[in-house]
Amino acid sequence: MTKPLTSTSRAGGVGESPVRPDGPLKVKGEFAYSSDLWIDGMLWGATLRSPHPRARITGVDIGPALAIAGVRAVLTHADVPGDKFYGIDQRDQPVLAIDEVRYQGEPVALVAADHPEAARRALNSIEVHYEVLEPIFDAHKALFDPTSEHVHPGTNLVRHQPVRQGDPDDPAVRAQCAVVIARDYEVGIQDQAFLGPESGLAIPSEDGGIELYVATQWLHNDLAQIAPCLRLPQEKVRMTMAGVGGAFGGREDLSMQIHVAMLALHTGKPVKMVYHREESFFGHVHRHPAVMHYEHGASADGKLVFVKAQIALDGGGFASTTPAVVANAASLGVGPYEVPHVKIDAYGAYTNNPPCGAMRGFGAVQACFAYESQMDAVAEALGMSPWRLRQINAVSEGSTLPTGQVIDSPVPLSEMLDDLVAMPLPPSEEFDLRRMPGGVSNTTHGEGVRRGVGYGVGIKNICFSEGFDDYSTARVRLEMIGGEPAALVHTAAAEVGQGLVTLKAQIARTELGIERVTIAPADSRVGNAGSSSASRQSYMTGGAVKEACAAVRQRVIELAGAPADAQLVGGKVVTALGEVVAQLADVLGDTAIEETREYRHRPTERMNPLTGQGNSHVQFALCVHRAVVDVDVELGLVRVVELAAVQDVGKIMNLLSLEGQIHGGTAQGLGLAVMEEIQVANGKVLNPSFTDYLIPTILDMPPMRLKILENADPHAPYGLRGAGEPPTLSSTPAIVAAIRQATGLALKRVPIRPEHLTGTLAS
Amino acid sequence: MRLKMTVNGESRDADGVWPGESLLYVLRERLGLPGSKNACEQGECGSCTVYLDGVAVCACLVAAGQAVDREVITVEGLADGDRLDPVQECFVQAGAVQCGFCTPGLIVATHDLIARNPSPSDEEIREALAGNLCRCTGYEKILDAVRAAARRKAAQT
Ligand code: FES
Ligand code: FES
């Protein structure tokens with residue numbers, strides 16, 4: 001069902017750009033995504049969801065649904081075989097709602113039927129009696145108003161993380177400031193909007209266990225949550241990664257995994273489940289909306305003196321990854337700048353709004369919009385250029401962050417800004433209606449159109465932080481196949497589109513000096529690889545593959561009787577001086593050499609709960625953006641003309657994939673700046689479709705100019721730095737800054753909508 | 001009901017089709033052709049683009065009954081065995097494929113564009129592909145792929 005991938009490209013080690021091994025299958029339509037799986041006699045699963053953001057369940061009648069022809073099972077919380085709760089961080093989320101629903105769309109019951117239409121009809125026939133309650137939807141009130149009701153017994157607070165350094169309230173500190181800027185900012189709810197819907201196939205096995213084919217970001221964490229709910233030992237839940245149609249954080253939490261397995265175990269038949277697009281908007285967590293208050297003080301020569309911030313992140317009905325999102329917002333809350341006096345308080349709240357968790361950028365995105373907006377405001381107040389102000393305050397290697405952590409690898413922010421500013425601006429173009437804001441809608445021929453240029457800088461932590469035991473596992477096997485040395489690389493790491501399958505093969509080629517590499521399907525028969533998130537897989541699974549290859553190489557060298565520092569090159573064992581000791585074919589004969597290795601990054605520490613102090617992060621990655629926009633100030637229409645970016649990745653492992661990550665990350669930042677928001681009223685989602693939730697199309701995306709730097713991180717494999725997230729941070733504030741320059745408006749909320757630009761609404 | 005249509009040059013039958021089923025559902029779930037994708041099933045994403053009698057359409061918006069006795073070509077019908085169509089080849093080589101969920105729709109839409117307009121300008125490419133969402137690539141490499149495919153097709157003829 002999920003096939004091993006053998007590269008069509010024979011060459012392509014680390015630093016080259018071989019084509020993806022799954023590319024040919026994907027362009028032919030033959031790559032099996034989780035929604036494409038099919039097996040004889042399978043049933044279709046479907047989920048009944050709460051229409052209310054907050055209600056008590058007083059009764060459920062499944063009788064009428066069971067009576068429908070073709071319906072094989074209708075299940076409620078009473079049918080959950082084991083633990084009734086799961087969750088990625090805290091086990092606080094019911095598999096199926098028990099006595100209360102806490103968000104609109106919370107799963108209440110499940111159906112399996114012969115045809116998806118029969119399943120849909122059955123959903124409509126389940127009678128759920130709700131006692132509707134007033135939803136708690138104002139995160140600020142939920143956190144700070146002592147009279148607020150609670151979403152979970154006793155509390156609406158998921159986490160409060162302070163950061164304290166110096167004393168911004170000391171009058172002597174304030175006396176150093178020539179300007180003090182205090183403003184409020186808001187970020188709306190963004191959706192990952194991956195194109196491949198949540199889906200999968202569960203097949204009951206003869207030993208009472210289950211085979212699960214699903215699209216996820218982290219097989220082993222899914223497994224640890226699924227098995228106890230099914231009351232099965234982990235070895236009886238055999239998980240295989242099905243093709244993943246994008247993730248961006250939205251597949252970190254479970255969606256249909258336990259549900260489809262319950263239906264299959266209950267009916268004894270294979271069951272397939274596929275969310276439709278509207279359901280997908282309710283079926284996964286989103287990016288936390290944020291309400292932020294920032295106060296910056298700076299001296300007359302542009303040095304930041306203090307930053308105070310209060311950041312309230314709305315996590316919705318369940319904890320999900322909110323605790324870690326809060327930690328990122330707090331620890332990265334001033335951005336990549338040196339600030340002597342800092343007081344940050346970041347909060348995560350429970351409400352009855354849509355649940356929020358991981359999305360590309362993870363807590364750093366929201367803070368970045370606010371601190372970068374503040375940097376522009378400070379620069380303006382001092383009459384300085386925005387990039388110059390950033391350079392004056394930029395961190396560099398050896399700088400101390402407000403958490404007390406010293407940055408111990410290159411962060412050449414000042415040089416990156418020099419490079420960015422030196423990039424040519426887009427040439428003036430001949431008039432073409434298609435290049436006007438509004439495009440072929442023919443809304444302007446240039447009248448009312450103003451150009452603006454803006455800058456944005458972002459800093460993101462790479463890998464898991466705060467003392468988490470973060471590791472990945474790789475198994476590498478080397479043997480002769482058809483007279484040629486060939487490696488099989490097996491990990492459980494999720495290929496979500498980023499190109500990890502390509503990279504694993506590149507590393508094996510480089511480390512083993514061979515051409516032919518096969519990538520085994522990711523499954524739970526090999527150890528934990530950790531999550532495909534936090535931009536960590538090149539670092540972690542890349543590191544694991546490198547170490548497993550080194551262990552295999554070691555054994556080959558011993559077998560060959562070669563000196564310990566020998567290398568494998570071009571199918572031969574070669575001494576450090578380039579002398580050929582043996583052919584791999586002769587050393588290996590019929591034996592296969594297989595080694596498994598776990599790779600861990602340097603340990604980190606939890607943030608001090610009162611001061612935020614501690615070496616909480618492993619690695620920092622920066623991206624800087626310049627945006628050029630045209631704004632039709634009469635209609636409030638924006639066209640982003642060009643985006644330029646400079647990013648330091650430590651080591652370019654695969655240029656083609658890397659550029660794709662920067663382009664794609666930048667596009668999601670553009671979406672947050674001017675288009676994308678899940679609109680919610682009274683806890684209910686107003687726009688759960690691609691008709692009403694707009695993501696950038698090819699018409700919305702401008703040409704992108706990139707400059708990529710390689711200042712190696714000495715602690716990381718190959719010196720690489722995680723790259724997928726930083727561009728998502730910096731493109732948003734750059735675009736907003738450019739729109740501010742074009743319009744003169746303050747613009748304190750993203751996404752910006754036309755009515756914010758035409759003065760219809762206060763901006 | 002029972003339906004008959006020509007798919008990728010072969011006559012195909014589907015049995016037991018419910019009246020509400022779309023062409024996309026029949027292709028994916030009844031004819032074993034899941035190459036056309038189902039990212040929205042509302043005509044908003046283009047991932048299900050196929051040719052119906054030579055015209056590129058969203059298969060999710062076509063009722064299966066409307067395709068009876070007509071000719072459908074899906075992404076699975078574009079390669080010649082292992083020999084990829086130049087459009088497919090260029091998408092792989094340009095790095096235009098990440099997760100690939102948008103890819104089948106974009107391949108068919110690009111194939112159609114180049115057939116109608118052998119050397120499209122960037123503006124024409126953008127107009128033609130405006131109905132095909134991609135969440136991964138930011139479209140830069142897709143533009144590269146389309147330009148390269150147009151050049152390669154021109155060189156072949
Ligand atoms: S699935 Fe047909 S347009 Fe989206
Ligand atoms: S490659 Fe993932 S949606 Fe386009």
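Analyst: Two residues are in contact when heavy atoms lie within 4.5 Å of each other. The model discussed here is predicted.

User: What makes domain 2 of chain A and domain 3 of chain A count as being in contact?

Analyst: Seven residues of domain 2 of chain A are in contact with seven residues of domain 3 of chain A. Contact requires heavy atoms within 4.5 Å, so these residues satisfy that limit. The C-alpha centres of the two domains, by comparison, lie 37 Å apart.

User: How do you know which parts of chain A make up domain 2 and domain 3?

Analyst: The domain assignment gives residues 35-134 + 199-278 to domain 2 of chain A and 407-461 + 615-763 to domain 3 of chain A.

User: What area do domain 2 of chain A and domain 3 of chain A bury between them, and which residues of domain 2 lose the most?

Analyst: The two domains bury about 600 Å², with 53% of it on carbon and sulfur atoms. On the side of domain 2 of chain A, P53(A), Q104(A) and R277(A) lose the most area to domain 3 of chain A, together 61% of what that side buries.

User: How many salt bridges and polar contacts join domain 2 of chain A to domain 3 of chain A?

Analyst: The salt-bridge count is zero, while one residue pair is in polar contact, both residues being at pLDDT 80 or more. The side of domain 2 of chain A that touches domain 3 of chain A nevertheless has three charged residues, along with three nonpolar and one polar.

User: Why is the pair D36(A) and R28(B) called a salt bridge?

Analyst: The rule asks for a side-chain nitrogen of Lys or Arg within 4 Å of a carboxyl oxygen of Asp or Glu. The side chains of D36(A) and R28(B) meet at 2.9 Å, N to O, and therefore fulfil the rule. Across the interface of chain B and chain A, the rule finds seven salt bridges.

User: How many residue pairs are in polar contact between chain B and chain A, and which helix of chain B gives the most residues to the interface?

Analyst: There are 27 such pairs, both residues at pLDDT 80 or more. Helix α2(B) gives the most to the side of chain B that touches chain A, with five residues. By class, this side has 25 nonpolar, 12 polar and 15 charged residues.

User: What describes the extent of the interface between chain B and chain A?

Analyst: 52 residues of chain B are in contact with 63 residues of chain A. The buried area is about 4600 Å², of which carbon and sulfur atoms give 60%. W18(B), R126(B) and R135(B) supply 18% of the area that chain B buries, more than any other three residues.

Note on methods
Residues are numbered from 1 along each chain as its sequence is written. Chains are lettered from A and ligands numbered from 1 in the order in which they are written. This is a predicted model: local features need pLDDT of at least 70, side-chain atom pairs count only at pLDDT 80 or more; totals for chains, interfaces and linings use all residues. Side-chain values use heavy atoms; hydrogens and water are left out. Domain bounds come from an automatic or database domain assignment. Buried area is the accessible area (1.4 Å probe) that two parts lose on being put together, summed over both. A polar contact is a pair of N or O atoms within 3.5 Å; within protein, one must be able to donate a hydrogen and the other to accept it, and residues adjacent in sequence count only if both atoms are side-chain atoms. Ala, Val, Leu, Ile, Met, Phe, Trp, Tyr, Cys and Pro count as nonpolar, Asp, Glu, Lys and Arg as charged, and the others, Gly among them, as polar. Helices (H or I, at least four residues) and strands (E, at least two) are DSSP runs, numbered from the N terminus.
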